[in-house]
Structure formats: C-alpha cells, structure tokens
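Colleague: I should like to understand how the descriptions of this model are justified. May I ask you to set each value against its definition?

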There are 2 protein chains.
Amino acid sequence: MAGDRPKRVTIYSIARECGVSASTVSRAFTRPEIVNDDVREKIHAVARRLGYQPNKAARGLATGRAGMIGLLVPDITNPFFPPLVRSIQQAASVADWSVLLVDADEVAAEETELVEQVRSQVDGLIVASPRSTDADLETTLGDIPTVVINRVVPGRPSVVCDNTTALTAAGQHLRELGHRRFALLKGPEASWAARQRSEAIRQWAADAEVDLVESGDFAASYDGGREASRAFLDSDATAAFAFDDLMACGVLAGLVEAGSSVPDDRSLVGCDDVLLARTVTPSLTTVTAPVGALGAAAIDLLREAIGGEPARELRLDGTLTLRASTGTVPVGAVRA
Amino acid sequence: MAGDRPKRVTIYSIARECGVSASTVSRAFTRPEIVNDDVREKIHAVARRLGYQPNKAARGLATGRAGMIGLLVPDITNPFFPPLVRSIQQAASVADWSVLLVDADEVAAEETELVEQVRSQVDGLIVASPRSTDADLETTLGDIPTVVINRVVPGRPSVVCDNTTALTAAGQHLRELGHRRFALLKGPEASWAARQRSEAIRQWAADAEVDLVESGDFAASYDGGREASRAFLDSDATAAFAFDDLMACGVLAGLVEAGSSVPDDRSLVGCDDVLLARTVTPSLTTVTAPVGALGAAAIDLLREAIGGEPARELRLDGTLTLRASTGTVPVGAVRA
DNA sequence: ATGAAAGCGCTAACAT
DNA sequence: ATGTTAGCGCTTTCAT
C-alpha cells in the first residue's frame with residue numbers, strides 16, 4: 001500500500017528526510033542551479049515520492065507574489081467570454097499564473113466591489129469589457145497592475161479588438177449587394193465596444209453616403225435582440241448591424257417571427273463570431289475577433305505592467321467573415 | 001489629493017493608528033462581537049479610510065483555510081458550463097469562497113495534473129463532468145475534499161442531473177408522434193453523463209418495444225454532431241437522441257445540408273438546454289438541466305465534505321422541454 | 001554550497 | 001476585553 005501520506009508535505013518534511021535544511025529544499029525548487037547536483041536530485045526525488053506541492057499561499061506571503069491573477073468578466077454566460085477565458089488561462093499558465101475568475105453578472109456596481117475583494121490576492125488583474133465608468137474603474141483599481149480588454153482607459157494598458165476596418169468592409173459588402181438604407185442596432189451605452197462599433201458604422205455610413213437609422217441601446221443579449229428586431233422592422237432599412245452575434249440571433253428570431261426572411265428580405269451582420277454565429281440559421285455574416293491573440297496580448301501587457309513598463313494600448317483587427325445572413329437587396333426595396 | 005497610501009495596509013498599520021494591538025484589529029474583523037463597541041467602530045473606520053483589505057493568503061496560512069475552492073471543468077467553451085460556473089460562483093461567494101477556475105481543455109491527462117497544481121491552494125474542489133477514469137481521479141484527488149458534478153464516483157459526494165425520467169418522457173412523446181425507430185447518437189465514452197443517458201434511452205426503448213440503433217461515440221461538440229448526422233441518416237430512424245444540445249446542433253446542420261428537414265422528415269432531441277437550444281432553428285426539444293440547483297448543491301456538498309460529513313450522492317431531475325425539433329413521423333416512414 | 005534566522009500578514013491559544 | 005506570543009510554509013538575507 002503506497003501513498004500513506006501522514007500529514008502535509010512541506011519543505012521541512014523533505015528536508016528532514018534528506019538530511020538537509022529547509023532552505024536548501026526551497027532553493028532546490030526556486031533556484032536549482034545553485035544547489036549541488038546530487039542533493040538536488042535527491043530532494044526532487046523525495047519530493048516526487050511524497051507528492052510535495054509547494055504551498056502557493058506561503059510562497060506568496062514570503063515573496064509578495066501571489067502566483068495568481070484575477071480575471072473579471074461582466075457575464076461569463078455571454079458566449080464571447082468563454083473562449084477568451086480559455087485563451088487567457090492558457091497564456092497565464094505559461095507565465096505560471098493561476099486564474100481567479102470573477103463574474104460580475106453584468107452589474108457595474110458589482111465590478112468595483114469584486115475588484116476590491118480580489119485585489120489582495122492577485123498579482124494583477126485583467127478586466128474584460130468592464131461596464132463601470134472610467135472614474136469608478138480608476139479609483140477601485142488604484143495601483144494594482146491591470147490590463148483592460150476591449151476598452152481603452154487612459155493610463156492603463158489595454159488591448160482591444162478593433163472592428164472598424166471589418167465593419168467598414170461589411171458595409172461595403174452590403175452596399176455592393178444593393179443596400180442603401182441601414183439600421184444600427186446599438187449595444188449597451190456602458191460598453192466601450194458598443195460605442196466604438198457604432199462610431200465605426202456611423203463613420204462609414206457618412207463616407208458611403210447611405211442612410212443610417214440608429215436605435216437602442218439594447219441589451220447585449222438574445223432578448224435584447226428580440227427587442228431590436230422591432231426597431232429594425234420599423235425602420236425601412238434593408239440591412240442592419242447588430243451590436244454582437246448574440247443580439248443578432250435575437251434579431252433573427254424576431255424577424256422570422258414577424259415573417260421577414262433573412263437574407264431574402266433583410267440582411268443582418270453580427271459581431272464577434274461566437275459559436276452561435278455559425279450554428280444559427282441562417283449563419284451570421286459577422287466580424288471575427290482574434291480571441292486567442294487577445295488573451296495572449298493581455299497576459300503580455302500584464303507582465304509588462306507588473307514590471308513597471310509604461311502602459312501600451314494594443315489594437316488587434318477583427319476580420320470580416322461572410323456567411324449566410326447577408327444577401328442582395330430585395331427588388332423594389334431601393335427607394336427612389 | 002487623497003489616496004496617498006504609502007505602503008501596504010495591514011492589521012499592524014491599523015493597530016498603530018488606533019493605539020491597539022494587532023490581535024484586536026484581527027478580532028475586530030473575524031469576531032467583531034468580542035471587541036468593545038467603541039474600539040471596533042474606530043478600527044473599522046480607520047480600516048475603511050486606509051482602504052484595508054485583509055490578505056487572504058496570510059489568513060489562509062494561519063487558519064489552514066484558503067478561502068478558495070477550485071472548479072475544474074473539462075471545456076469552458078462548451079455552453080453547458082458557463083451557467084454552471086456562474087451558479088457555483090454565486091453559491092461559493094455566500095460561503096465566502098473565491099473560485100479558481102481551471103479548464104482542462106477536454107484532455108483527461110490534463111485534469112490530473114491540474115488538480116495536482118491547485119490542490120495546495122484550495123479548501124476543496126468541484127470537478128464537473130471529469131473525463132478521467134475513476135482510478136485516476138481517486139489517486140490524484142486523494143484526501144482533498146471534492147464534490148463531483150454529473151458523475152458518480154464511489155466514496156465521493158456527487159450531484160448529478162438525472163435525465164432518465166425526462167429522456168423517457170421524450171421517448172414517449174416521440175412515440176406518441178408515431179415514431180417507432182430511433183437513433184441513439186452517443187457521446188464520449190469517457191463521459192459518465194453520456195453513459196447514463198445512453199442507458200436511460202436503451203432502457204426506455206426496450207420497455208417501449210421500439211427499435212433503437214446506436215452509433216458513436218461522437219465528440220460532444222458541434223463537429224461531433226455533424227459526424228453523427230451521417231449515422232442518423234444512414235440508420236432509417238425517424239427520430240434521434242443526441243448526447244447534448246451542442247451535438248444536436250451539429251446534427252441539425254448535417255441534416256439540413258443533406259436536404260432532410262427537421263421536424264418534417266426527422267425529429268431530434270437534445271439534452272441540457274443550453275442557450276443554443278433556444279436560438280437554433282428549429283429550436284430544440286431538449287432536457288432542461290437544473291443548473292442553478294446543481295451549483296448550489298455542489299457547494300452544500302463541498303461544505304459537508306470539508307466538515308467531515310459522509311459523502312452523499314444527490315440526483316436532481318432534468319425536465320423535458322418541448323420545442324420545435326420534434327414532430328409527427330412523416331407519412332410512409334412507419335415500417336410494416 | 002549550505003545552514004540559521006528573520007519575516008511576509010494573519011490567527012489563535014494563552015496570558016492578563 | 002485586550003495584549004503577547006508563537007506559528008502557518010515559504011523565501012531570503014546573512015553567516016559559515
């Protein structure tokens with residue numbers, strides 16, 4: 001019967017077993033090169049045999065480095081975030097960081113409180129698409145190294161997915177399909193990304209000299225999209241930009257329910273390219289976000305921030321992905 | 001300019017500021033009732049002013065309680081998990097636990113290694129739908145309090161969603177719609193839930209005296225479903241049970257592509273009732289899992305396990321949710 | 001190259 | 001009710 005681990009395995013138990021001091025054991029793990037080959041081998045062997053795992057809390061206490069980062073998301077339930085969480089976690093683990101996930105449940109007030117709670121236990125923070133105001137963020141974040149995803153906060157390192165180019169391309173695409181009147185179904189005003197996307201589309205519409213009717217903001221959810229579909233129907237636009245894919249799916253459902261067919265009667269483009277975008281019928285023309293790169297960049301920036309390097313603002317371009325939700329404008333729809 | 005927090009705020013800085021000992025400060029937070037009202041007030045006031053946050057690592061070191069639990073999921077990207085993660089996190093936070101999320105990326109070998117890594121930093125573990133074998137789980141888990149979700153592991157507390165009743169109801173429903181020949185599109189053999197679901201359906205089919213053709217196992221993913229759709233088409237079944245909604249969506253896509261219409265030509269039922277199930281066209285008849293209750297129960301069980309209480313095995317019933325993917329058997333499809 | 005000792009921030013006896 | 005002290009497991013000077 002192997003595996004009779006009586007109590008906890010610490011550097012002390014190992015030290016005793018090996019006839020060395022605890023410091024040597026510690027060194028054998030943290031700076032192996034400075035301990036003699038034979039004793040290092042022995043220590044490692046014993047450690048493995050005993051199933052030793054360094055106590056991160058203790059190490060953190062001693063070093064001031066927690067070995068953990070906090071990841072704050074507004075809504076883990078939103079399909080945009082799980083892949084992002086994964087990519088961040090993967091990048092974090094190569095930097096030897098665990099990830100403390102915190103879900104704010106889409107309420108801004110929670111965000112600041114939650115940050116307050118985790119700040120003592122982490123080396124740094126990644127906050128994704130926060131809903132709080134800049135001012136609130138600034139005061140609760142204080143001097144804890146933080147990188148912001150999909151938002152730009154003055155003085156903080158950030159990495160955003162820039163959808164401007166792709167959204168412009170989407171507009172052009174629709175224009176070539178004959179559309180001249182567009183609906184902009186706006187996302188939550190509190191979302192930086194929503195504002196950025198709206199601005200990009202506004203800009204494009206002005207340049208392209210097409211009509212744009214804005215409505216919203218709507219919740220970044222399926223139900224928000226249902227609501228938005230009414231606005232789409234009420235406008236006499238033939239094509240719409242939804243804030244994100246989730247909302248677009250709701251719009252789709254609303255349109256179908258109202259007897260409007262996509263893409264035959266109306267065209268629709270989403271944003272983010274979440275799983276849903278591919279599985280919905282018709283599949284969504286959307287802007288694909290570079291989620292993997294986003295996560296990796298966030299970790300890089302965080303490392304820099306902890307190292308005291310100046311804050312950088314990264315922008316990674318989304319790319320237009322053509323699918324089935326966009327088509328030629330229906331005959332007779334083009335106004336005089 | 002407020003906010004010049006010189007160094008770190010500890011119980012000592014507060015103690016000094018208040019002219020009391022550190023222990024009193026500590027007590028003011030951990031057992032407020034045993035310290036005099038006036039000094040408690042003062043301590044709290046100063047703490048608030050200085051922005052004191054107790055250092056969880058230190059507290060954990062001293063108490064042996066980490067204030068953190070680990071949550072291991074096989075694939076955060078699978079839409080079943082985010083709502084579960086949320087419900088667990090909410091339940092955990094009322095027990096004053098933070099949640100360390102660990103994504104195994106669907107590879108069983110990772111699971112044991114990841115468990116190894118976090119076990120030292122958490123009070124307990126919740127492992128959701130693990131893919132590892134019982135034996136592997138048992139050895140890596142060792143004596144760390146653990147509750148298992150959607151799987152039964154001898155000797156461990158567990159809470160599962162029992163889909164037997166609902167699946168049986170689904171079968172009955174389909175039978176009433178005239179279906180007599182069914183396809184069972186099986187999920188990953190390593191998944192306990194998959195085996196359980198298959199068994200339930202097998203049982204029902206035998207009792208109901210209908211034909212059942214099994215195929216799989218298929219990956220619990222959209223692509224797995226695409227693959228499974230072939231098997232469905234090859235069998236001459238008129239209705240199929242997919243392992244889960246995600247797979248069902250893939251099946252749907254495969255059928256559509258092959259020119260088969262749901263529910264006109266074939267019926268399909270999923271399982272879990274993830275967001276996708278509602279948004280896909282046609283929306284999926286599926287078994288709704290009580291995700292909130294699952295999370296709450298898991299935390300309860302974990303608390304019990306940590307308290308040394310004997311392991312309980314909870315089963316929470318899923319409920320059948322009728323939607324648009326099931327319909328009457330097509331004329332002529334009923335065999336002699 | 002290794003050991004001894006102090007200390008990270010906190011809690012928990014044990015005094016008083 | 002409050003102060004003193006020791007110690008959680010680890011790292012890190014400082015000696016040797």
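Colleague: What makes up the part of DNA strand C that lies within 4 Å of the protein?

Modeller: This is a predicted model. Of the atoms of DNA strand C within 4 Å of the protein, 60% belong to sugar or phosphate, and the rest belong to bases. Around this strand there are 28 residues, and those that come nearest are Thr24(A), Arg27(A), Ile11(B), Ser26(B) and Tyr52(B).

Colleague: How do you know that the side chain of Arg27(A) makes a polar contact with a base of DNA strand C?

Modeller: A polar contact requires a pair of N or O atoms within 3.5 Å. An N or O atom in the side chain of Arg27(A) is 2.6 Å from a base nitrogen of DNA strand C, so the pair satisfies the cut-off. For Tyr12(B) the corresponding distance to a base nitrogen of that strand is 3.0 Å, so this pair qualifies as well. The side chain of Arg59(B), in turn, has an N or O atom 2.6 Å from a phosphate oxygen of DNA strand C.

Colleague: Which elements give two or more residues to the surface near DNA strand C?

Modeller: They are α2 (22-30) and α4 (56-63) of chain A, together with α1 (11-18), α2 (22-30) and α4 (56-63) of chain B. With 5 residues, α4(B) gives the most. By type, the residues of this surface divide into 13 nonpolar, 11 polar and 4 charged.

Colleague: Which residues are closest to DNA strand D?

Modeller: DNA strand D is surrounded by 28 residues, the closest being Tyr52(A), Arg59(A), Ser23(B), Thr24(B) and Arg27(B). Sugar and phosphate account for 62% of the atoms of this strand that come within 4 Å of the protein. The element that gives the most to the surface near DNA strand D is α4(A), with 5 residues.

Colleague: What makes the approach of Thr24(B) to DNA strand D a polar contact?

Modeller: An N or O atom in the side chain of Thr24(B) is 2.5 Å from a phosphate oxygen of DNA strand D; the cut-off is 3.5 Å, so this is a polar contact. A polar side-chain atom of Tyr52(A) lies 2.6 Å from a phosphate oxygen of the strand. Arg27(B) places a polar side-chain atom 2.4 Å from a base oxygen of DNA strand D.

Colleague: Why is the relation between chain A and chain B called a two-fold axis?

Modeller: Two copies of a chain are related by a rotation about an axis and a shift along it. Here a turn of 180° and a shift of 0.0 Å along the axis lay chain A on chain B with an RMSD of 0.1 Å. That is the relation of a two-fold axis. Moreover, 98% of the interface residues of chain A are also interface residues in chain B, so the copies meet through the same surface.

Colleague: Why is Asp162(B) called buried?

Modeller: The term applies under 20% relative accessible area. Asp162(B) has 10% relative accessibility and therefore counts as buried. This residue is found in strand β5 of chain B, and its side chain is joined to that of Thr164(B) by a polar contact of 2.5 Å.

Colleague: How do you know that Thr286(B) is buried?

Modeller: Its relative accessible area is 0%, and the limit is 20%, so Thr286(B) is buried. Thr286(B) lies in strand β10 of chain B. A polar contact of 2.7 Å joins its side chain to that of Asp245(B), and the backbone oxygen of Gly270(B) lies 3.4 Å from a polar atom of the Thr286(B) side chain.

How values were computed:
Residues are numbered from 1 along each chain as its sequence is written. Chains are lettered from A and ligands numbered from 1 in the order in which they are written. This is a predicted model: local features need pLDDT of at least 70, side-chain atom pairs count only at pLDDT 80 or more; totals for chains, interfaces and linings use all residues. Side-chain values use heavy atoms; hydrogens and water are left out. A residue is near a molecule or strand if one of its heavy atoms lies within 4 Å of it. A polar contact is a pair of N or O atoms within 3.5 Å; within protein, one must be able to donate a hydrogen and the other to accept it, and residues adjacent in sequence count only if both atoms are side-chain atoms. Helices (H or I, at least four residues) and strands (E, at least two) are DSSP runs, numbered from the N terminus. Ala, Val, Leu, Ile, Met, Phe, Trp, Tyr, Cys and Pro count as nonpolar, Asp, Glu, Lys and Arg as charged, and the others, Gly among them, as polar. Copies are superposed by least squares on the C-alpha atoms of residues with pLDDT of at least 70 in both. Contact means heavy atoms within 4.5 Å. Buried means under 20% relative accessible area, exposed over 50%, partly exposed in between (1.4 Å probe, protein chains only).
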